[in-house]
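Me: I would like to learn how to read the packing of helices in a model such as this one. Could you take me through it step by step?

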Amino acid sequence: MFKRMPGDEPHRIVSTTPDTAVVFKPAVVQTPAVITLTIFVARFVAGLGRLVWRHPVAMAVIAVPGALCWAYGWRVALLVVMPALVGLGAWAFLDRPRFVRCVGWRLVAFVRWFWIYRRRWRPVMTVSGLARCIRGREYIPRLVRVTCDSWSDQVAVRMLDGQAVKDWADRIENLSHGFGSETCRVSVAKSGRLVLTFPRRDPLATPIPALPVPDIPTVGPIEIGKQEDGSPWRLRLHGAHVLVAGATGAGKGSIIWSAIRGLLPAMRAGLVEVWALDPKLMELSYGRPLFNGRYAADPADCADLLDEAVSVMQKRAARFAGVQRSHTPTLDDPFVLVVVDEVAFLTAYQSDKQLRQRISAALATLTTQGRAVGVGVLAALQDPRKEVMNIRNLFPDKIALRLDESEQVDMVLGDGARDRGALADRISPRSERGARRIRAAGDQSRSDSRPCRVRLRRRHPRDGR
């Protein structure tokens with residue numbers, strides 16, 4: 001029934017019962033105890049060194065009183081520690097922002113690293129499928145560092161060799177629930193390293209009133225809201241084209257009017273002209289006196305106004321050719337911002353085929369050639385599908401407000417945006433519950449304008465203001 005096995009195999013057989021599988025004993029290598037102890041001690045010292053390096057404040061708070069108490073007794077330790085505590089309290093009272101930045105958030109990061117992330121790391125990685133078991137050995141992504149700010153935890157992770165960002169992006173719900181957060185966002189720090197952002201609270205839950213109209217004329221980035229970290233959200237209009245996508249009532253008009261309010265001083269100075277296309281007659285009609293006759297609501301008038309903008313752009317290009325490559329607003333050549341509300345009505349739902357083709361061709365021409373000569377487009381629409389807006393990829397900066405379907409997030413912000421935490425389809429329709437805004441564009445408060453996806457909230461200008 002059994003064939004004779006060569007070599008040393010027969011003595012390793014555990015069971016030869018006919019109705020069970022043959023099981024072999026694994027080979028056991030005896031490691032000397034001194035080597036094992038040396039490895040454990042080396043790992044302990046290395047881990048302790050990393051802990052001190054990454055959490056110096058927390059380690060000092062724990063180690064100094066403990067060492068004093070062990071060496072001189074608790075009374076001496078108390079006498080030495082009390083003046084330090086009084087000094088820290090005075091620092092916190094007199095200069096709270098710096099104290100929180102230098103001490104407070106470091107202590108919070110250590111506590112959350114120890115109690116939340118380090119304690120749950122192995123089970124969460126295993127259950128979510130991010131850990132791997134190969135030939136009986138378990139491989140787990142490495143928790144590198146935890147840093148905290150006023151609203152979130154940033155967890156730096158070293159991925160396993162061979163893992164991709166998508167492996168983590170597909171498991172953001174596992175990670176968020178595993179570590180007790182509402183959501184999780186995945187971003188790449190560098191090759192092989194990720195940063196997982198776990199919000200602790202929602203800093204954008206409260207509606208923001210409109211800013212006062214600025215006094216200084218500018219066409220630079222216009223402040224129209226704030227980001228999660230509390231810094232202002234500045235939208236670049238000069239030298240860019242912006243597409244705003246959102247469902248009915250999501251707040252597209254607030255972004256448009258916030259941008260116009262920021263440009264008002266430059267409009268008065270003659271450095272900016274706003275040309276408005278308002279096919280539904282309900283949004284931009286309030287500002288007709290501001291547009292100096294550059295306002296159109298009828299589809300035919302909208303097509304004529306766009307053709308005029310193309311003509312202005314082409315004449316400037318002919319004058320700038322061989323002379324300059326970028327536009328500086330002047331009284332003779334002001335920055336022209338073409339604002340189109342409900343652009344889908346003109347490009348997809350327009351019954352007149354000729355008008356539809358004229359409008360689509362003019363918008364395509366402006367978005368491909370207008371940036372360098374000082375002609376920008378700010379367009380808003382509800383449905384971001386290609387058959388509705390086939391030139392959406394010609395807009396370098398895109399803003400996603402509340403969307404109806406999860407697939408629309410990737411249509412606006414790019415493939416994989418929702419998997420990395422851009423949950424625009426989960427934005428509450430009630431502004432008092434924190435309608436959140438997510439943008440895919442360069443961070444306009446920085447000079448490099450690197451592509452990013454930032455969670456934002458726009459200010460809310462009211463009618464008549």
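**Reading helix contacts**

Reply: In this predicted model, a good place to begin is a pair of helices in contact: Pro299, Ala300, Ala303, Asp304, Leu306, Asp307, Ala309, Val310 and Met313 of helix 8 meet Leu355, Arg358, Ile359, Ala362, Leu363, Thr365, Leu366 and Gln369 of helix 10. Sorted by character, the residues of this contact comprise 12 nonpolar, two polar and three charged.

Me: Which angle and which axis distance describe the packing of helix 8 and helix 10?

Reply: In general, two packed helices are described by the angle between their axes and by the distance between those axes. Here helix 8 (residues 299–320) and helix 10 (residues 353–369) pack at an angle of about 30 degrees, and their axes are 9 Å apart. Because angles under 35 degrees count as roughly parallel, helix 8 is roughly parallel to helix 10. The crossing of helix 8 and helix 10 is left-handed.

Me: How do the axes of helix 2 and helix 4 cross?

Reply: The same two descriptors apply, the angle between the axes and the distance between them. The axes of helix 2 (residues 56–72) and helix 4 (residues 96–128) come within 8 Å and cross at roughly 80 degrees, and helix 2 and helix 4 are therefore roughly perpendicular to each other. In this contact Pro56, Val57, Ala58, Met59, Val61 and Ile62 of helix 2 meet Cys102, Val103, Arg106, Leu107 and Phe110 of helix 4. The residues of the contact of helix 2 with helix 4 divide into 10 nonpolar, no polar and one charged.

Me: Turning to a single residue, is Asp341 buried or exposed?

Reply: The reading rests on relative accessible area, for which buried means under 20%. Asp341 counts as buried because its relative accessibility is 2%. Asp341 lies in the loop between strand 12 (335–340) and helix 9 (343–347). When its neighbours within four places in sequence are left aside, Asp341 is in contact with Ile256, Leu277, Asp278, Pro279, Lys280, Glu283, Leu284 and Ala380.

Me: What do the totals for the protein say about helices, strands and buried residues?

Reply: The protein has 11 helices and 16 strands, and 43% of its 465 residues count as buried. Among contacts with a separation of 6 or more, 64% are accounted for by residues 24 or more positions apart. The protein exposes about 25,800 Å², of which carbon and sulfur atoms supply 56%.

Terms used. Residues numbered from 1 in each chain as written. Predicted model: local features only at pLDDT ≥ 70, side-chain atom pairs only at ≥ 80, totals over all residues. Heavy atoms only, no water. Axes fitted to C-alpha atoms, helices over the stretch in contact; angles between N-to-C directions. Helix = DSSP H or I, 4+ residues; strand = E, 2+ residues; numbered from the N terminus. Parallel < 35°, antiparallel > 145°, perpendicular 65-115°, else oblique. Contact = heavy atoms within 4.5 Å. Nonpolar A, V, L, I, M, F, W, Y, C, P; charged D, E, K, R; others polar. Left-handed = near helix turned anticlockwise from the far one by under 90°. Buried < 20%, exposed > 50% of the residue type's maximum accessible area, 1.4 Å probe, protein only. Areas by Shrake-Rupley, 256 points an atom, 1.4 Å probe, with all protein chains shown as cover.
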